[in-house]
Amino acid sequence: MKKKDTRLHLIQKKALPTADGSEIAPFEGMVLGDREVDLIVNRFQAGEFHGMKYNLFIPQDYDETQKYPMLLFIPDATGNGPEQDRTLIQGMGATIWATDAEQKKHPCFIVAPQIDGEPLTNNDYTCSPQLETIKELLDSLQETYSIDADRIYTTGQSQGCMASFELNIRYPDYFAAALLVSGHWDAEKIADALSGKKLLIALSEGGLGEFDSMSKLYDLLQERGASVEKRFFNARAGKEELNAAMAEYLSGDANIKLAIYTKESSLPDDGKKYFGIMYHQRGWEITYPIEAVRDWLFGQTK
């Protein structure tokens, strides 16, 4: 594997005064990041497995005599493409776990595959062969590094949520828990295969059909006597208030939990018309920054 250079296209339109009274002239061009610009993306190593590019975060001060959790992140379809690190820069679903604060609490491996070519999932509940490549990649990493098989997690948004559902259905004993954001899947298959799994499903009420699909799943699980709970949240609450509300909710006994951000609170109350895709995206923009959500995931084990 190799480290990735970070190149930024900068445009400085006006001269900028400095503390010593001089000026920095206007500038436009590419700038190569250095160690003073410690971007989280640069903490991931680039790799390739059976033709699939992927990005791997290895815990700082990795000690092969200890066992570490491993987290799989799969992006939404906007993260698909040939660029090695696109899945890292189109959102925080992979990088939020690699911050200093997060790694101090939950040192872990983070695997972020780069999906290229055909989409990973489809709305008819089928998946491309790349899904099995991802599973094989996780197996391979366990052979290479000291990873705790009882603490392997999966998370993803939209396409990644759908893929994570299917991975859990195909391999129900593989993951300790899953954080499933802004997606849908076959409710009957989920209810049949995953009623005993530890799942946190998060979404915005006004998205692209995920609310209806996951509401159907909730009803099915209730009918079958599964341990499931649903709660609506005010996404416009302050950071600490939302985190406290989520922490209280996640402390409950249900092993499958639906966290739903109300439509009226997911986007600004500014009189503008917002489309379903915007509510859809808000699902993951709200979820991943919530500390209690991340703590819940790493608190689960087989």
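So, ten-second orientation: the protein chain has 10 helices and 14 strands, and please keep in mind that this is a predicted model. Of the 302 residues in the chain, 51% are buried. The exposed surface comes to about 14500 Å², with carbon and sulfur atoms supplying 49% of it. And if you take contacts between residues at least 6 apart in sequence, 71% of them join residues at least 24 apart.

Let's look at what holds some of those distant parts together, beginning with charges. The whole structure contains 16 salt bridges. My favourite is E102 with R294, where the closest N and O atoms are 2.9 Å apart. E102 belongs to helix α2, residues 100-105, and R294 to helix α10, so this pair ties together parts that are 192 residues apart in sequence. Are these two buried or exposed? E102 has a relative accessibility of 2%, so it counts as buried, and R294 is buried too, at 8%.

The two helices have another link. K105 and E291 meet through their side chains in a salt bridge, 2.7 Å from N to O. Here K105 sits in helix α2 and E291 in helix α10, 186 residues apart. This time the partners are partly exposed: K105 is at 35% relative accessibility, and E291 is at 35% as well.

While we're on α10, it spans residues 291-298, and 6 of its 8 residues are buried. Among them are R294, which we just met, plus W296, L297 and F298.

Moving elsewhere, D192 and R224 form a salt bridge at 2.5 Å, N to O. D192 is in helix α5, residues 187-194, while R224 is in the loop between α6 and β13, 32 residues away in the chain. D192 counts as exposed at 56%, and R224 as partly exposed at 43%. There is also a network of salt bridges with shared partners, joining E132, E166, R170 and K189.

Now the aromatics. How many aromatic pairs does the structure hold? The count is 14. Take Y62 and Y145: their ring centres are 5.9 Å apart and their planes are at 75°, so the pair is edge-to-face. Y62 sits in the loop between β7 and β8, Y145 in the loop between α3 and β10, and 83 residues separate them. Y62 is partly exposed at 27% relative accessibility, whereas Y145 is buried at 19%.

Ring pairs also link F73, W97, Y153, Y288 and F298 into a cluster. You'll remember F298 as one of the buried residues of α10.

Two lysines join in with rings as well. K257 places its charged end over the ring of Y249, 5.3 Å from the centre. K263 lies over the face of Y279, 5.5 Å from the ring centre.

For those of you who like cysteines: how many disulfides turn up in the whole structure? The search finds 0. As for individual cysteines, C127 is buried at 19% relative accessible area, and C161 is buried at 0%.

Last stop, right beside C127 in the numbering: S128. This serine lies in the loop between β9 and α3, and its relative accessibility of 3% makes it buried. Setting aside neighbours within four places in sequence, S128 contacts E118, P119 and L120. Its C-alpha atom is 9.7 Å from that of A163, which is 35 residues away along the chain.

Happy to take questions!

Conventions: Residues numbered from 1 in each chain as written. Predicted model: local features only at pLDDT ≥ 70, side-chain atom pairs only at ≥ 80, totals over all residues. Heavy atoms only, no water. Disulfide = S-S within 2.5 Å. Buried < 20%, exposed > 50% of the residue type's maximum accessible area, 1.4 Å probe, protein only. Phe/Tyr/Trp six-rings, centres within 6.5 Å; stacked < 30°, edge-to-face > 60°. Helix = DSSP H or I, 4+ residues; strand = E, 2+ residues; numbered from the N terminus. Lys NZ or Arg CZ within 6 Å of the ring centre and 35° of its normal. Contact = heavy atoms within 4.5 Å. Areas by Shrake-Rupley, 256 points an atom, 1.4 Å probe, with all protein chains shown as cover. Salt bridge = Lys/Arg side-chain N within 4 Å of Asp/Glu carboxyl O.
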